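Subject: Structure for your review

Dear colleague,

Please find below the structure I am handing over to you. My notes on what was found in it follow directly after.

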Amino acid sequence: PNNEGSSAESHIDDLVSKLPPKEGLVLYKNYWLWPQTAKNIMLLQDIFKPRHDDIILATNPKCGTTWLKALAFTITTRHRYNFHDHPLLTHHPQEVVPFLEIPTNEDLSYVETLPSPRLVSTHMPMSLLPGSIASHGCRIVYICREPKDAFVSLWHFLKRIHGGHAPDLDSMFNRFCEGSLPSGPFWNHCLEYWKESIASPDRILFLKYEDMMSDPVRYAKKLALFLGVPFTGEEEEDGVHEQVVRLCSFEMLSGLEANRAGNLKLRPRPNVVYEKSAFFRRGKVGDWVNYMSEEMGRKLDYIMEEKLKGSGLVL
Ligand code: A3P
């Protein structure tokens with residue numbers, strides 16, 4: 001074992017143990033994180049060596065990460081694969097694009113072994129990304145979602161992964177409103193990327209789940225253009241952009257055996273396993289009405305309005 005590495009790690013363990021705790025999370029630089037995630041984020045500051053052609057997919061949990069991974073992967077590798085034997089027919093979207101801070105084993109440095117151009121994802125807020133990312137000009141795609149739907153999706157997901165031990169909807173809702181669920185506050189996470197996308201539109205593309213649901217072909221084209229691989233006129237004539245959208249659709253992906261059975265190798269924290277199917281639930285806009293009262297809806301709308309006031313961002 002590398003002594004320097006392990007002493008850095010024990011120093012980080014020490015830092016994490018001193019962070020303010022709440023309900024199993026810790027507060028690190030104004031964000032609530034699982035202790036393991038806080039540790040990984042600190043370790044990544046040194047481990048992750050950005051390259052100018054890296055593409056980073058950033059999201060708040062349950063805002064469309066899986067969909068964005070599928071789309072960005074299919075778009076950027078479309079000259080390599082056919083649609084009839086495409087990797088996404090046999091691999092979960094979470095398997096083809098790795099998470100920076102959620103490794104598949106103990107080794108966070110896995111991303112350093114990937115060939116360029118790398119496509120990676122993260123739930124890290126902008127202010128916690130390894131500092132060197134900004135200076136390397138890596139492109140970032142952020143996807144945001146209507147918070148009531150994102151909350152309901154998160155509640156279902158945590159229920160799935162924690163079985164009977166998940167908190168009830170009301171207490172989780174209160175924590176969402178306080179900003180103290182993982183990667184929260186939700187609004188600050190969105191706002192940081194939003195502001196940066198206005199300041200540097202060539203570097204950060206800010207997308208919304210609902211916009212993409214209403215016109216996925218338009219947004220697939222926008223994404224391809226932003227990633228520097230626009231669909232050519234010939235490709236559009238051949239309907240390649242439409243094929244990409246069809247392959248990455250909820251209906252298509254959620255029906256594939258590769259996404260229905262078994263567990264992902266992702267190890268977010270000890271004793272937590274992600275079932276592949278947990279990433280595909282309903283894939284609808286407005287599903288919150290089936291779980292939250294109107295009053296809860298109004299309360300969260302009010303909080304969001306207040307928090308986003310003056311930013312130009314409407315969710
Ligand atoms: P619901 O729980 O509302 O169904 P993430 O990928 O960030 O974890 O987000 C998961 C949410 O995205 C879930 O929302 C899931 O069903 C939805 N989703 C997964 N794949 C999708 C796709 N291809 N198109 C649209 N939504 C998708």
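Which residue in β3 is the bridge partner of Y28? The partner is Y31. This pair is a convenient place to begin, and the rest of its sheet is described below, after a word on the model itself.

**Confidence**

Please note that this is a predicted model. The mean pLDDT of the chain is 95, with 98% of its residues at 70 or more. For the complex, the predictor reports an ipTM of 1.00 and a pTM of 0.97.

**The antiparallel sheet**

Strands β1, β2 and β3 form an open sheet in the order β1-β2-β3, and the pairing is antiparallel. Since β1 and β3 are the edge strands and have a single partner strand each, one side of each is left without a neighbour in the sheet.

Two bridges link β1 (residues 21-22) with β2 (residues 25-28) in the antiparallel sense, and K22 faces L25 of β2. The two strands make a hairpin with two residues between them. E23 lies in the loop between β1 and β2, and its phi is near 45 degrees, a positive value in a residue other than glycine.

On the other side of the pairing scheme, β2 is joined to β3 (residues 31-33) by three bridges, again antiparallel. Besides the pair of Y28 and Y31, L27 stands opposite W32 in β3. The hairpin of β2 and β3 also has two residues between the strands, and K29 there adopts a positive phi near 45 degrees.

**The parallel sheet and its helices**

A further open sheet consists of four strands in the order β5-β4-β6-β7, with parallel pairing. Its edges are β5 (119-122) and β7 (204-208); each has a single partner strand, so one side of each lacks a neighbour in the sheet. From one strand to the next, the twist averages 20 degrees.

Strand β6 (residues 139-144) runs parallel to β7 and is joined to it by five bridges. Within this pairing, Y142 is found opposite F206 of β7.

Two helices should be mentioned together with this sheet. Helix α3 (residues 65-76) packs on the sheet and touches β4 (55-59), β5 and β6, with a direction at about 160 degrees to that of β4. Helix α8 (residues 186-199) lies across β4, β6 and β7 and runs at about 125 degrees to β7.

**Cis peptide bonds**

The peptide bond that joins S116 and P117 is cis, with omega at about -10 degrees. P117 belongs to the loop between α4 (93-96) and β5, the latter being an edge strand of the parallel sheet.

A cis peptide bond also joins G184 and P185, where omega is about 5 degrees. P185 sits in the loop between α7 (169-178) and α8, and α8 is the helix that lies across β4, β6 and β7.

**A helix-helix contact**

How do α10 and α12 lie with respect to each other, and at what angle do they cross? The axes of α10 (residues 216-226) and α12 (residues 240-247) come within 9 Å and cross at roughly 110 degrees. This crossing makes α10 roughly perpendicular to α12. On the α10 side the contact is made by P216, V217, A220 and K221, and on the α12 side by H241, E242, V244 and V245. These contact residues divide into five nonpolar, one polar and two charged.

**The ligand shell**

Which residues come nearest to the ligand? Of the 22 residues around it, these are T65, T66, S153, R281 and G283. The elements that contribute two or more residues to the shell are α3, α6 (147-162) and α13 (250-255). The largest share, four residues, is supplied by α3, the helix that also packs on the parallel sheet. By residue class, the shell around the ligand comprises nine nonpolar, eight polar and five charged residues.

**Points to view together**

When you open the model, I would suggest beginning with α3, as this helix touches β4, β5 and β6 and also gives four residues to the shell around the ligand. The two hairpins could then be viewed side by side, with E23 in the turn between β1 and β2 and K29 in the hairpin of β2 and β3.

With kind regards

Notes. Residues numbered from 1 in each chain as written. Predicted model: local features only at pLDDT ≥ 70, side-chain atom pairs only at ≥ 80, totals over all residues. Axes fitted to C-alpha atoms, helices over the stretch in contact; angles between N-to-C directions. Parallel < 35°, antiparallel > 145°, perpendicular 65-115°, else oblique. Contact = placed C-beta atoms within 7 Å. Nonpolar A, V, L, I, M, F, W, Y, C, P; charged D, E, K, R; others polar. Pairing = 2+ DSSP bridges. Near = placed C-beta within 6 Å. pLDDT = per-residue confidence, 0-100.
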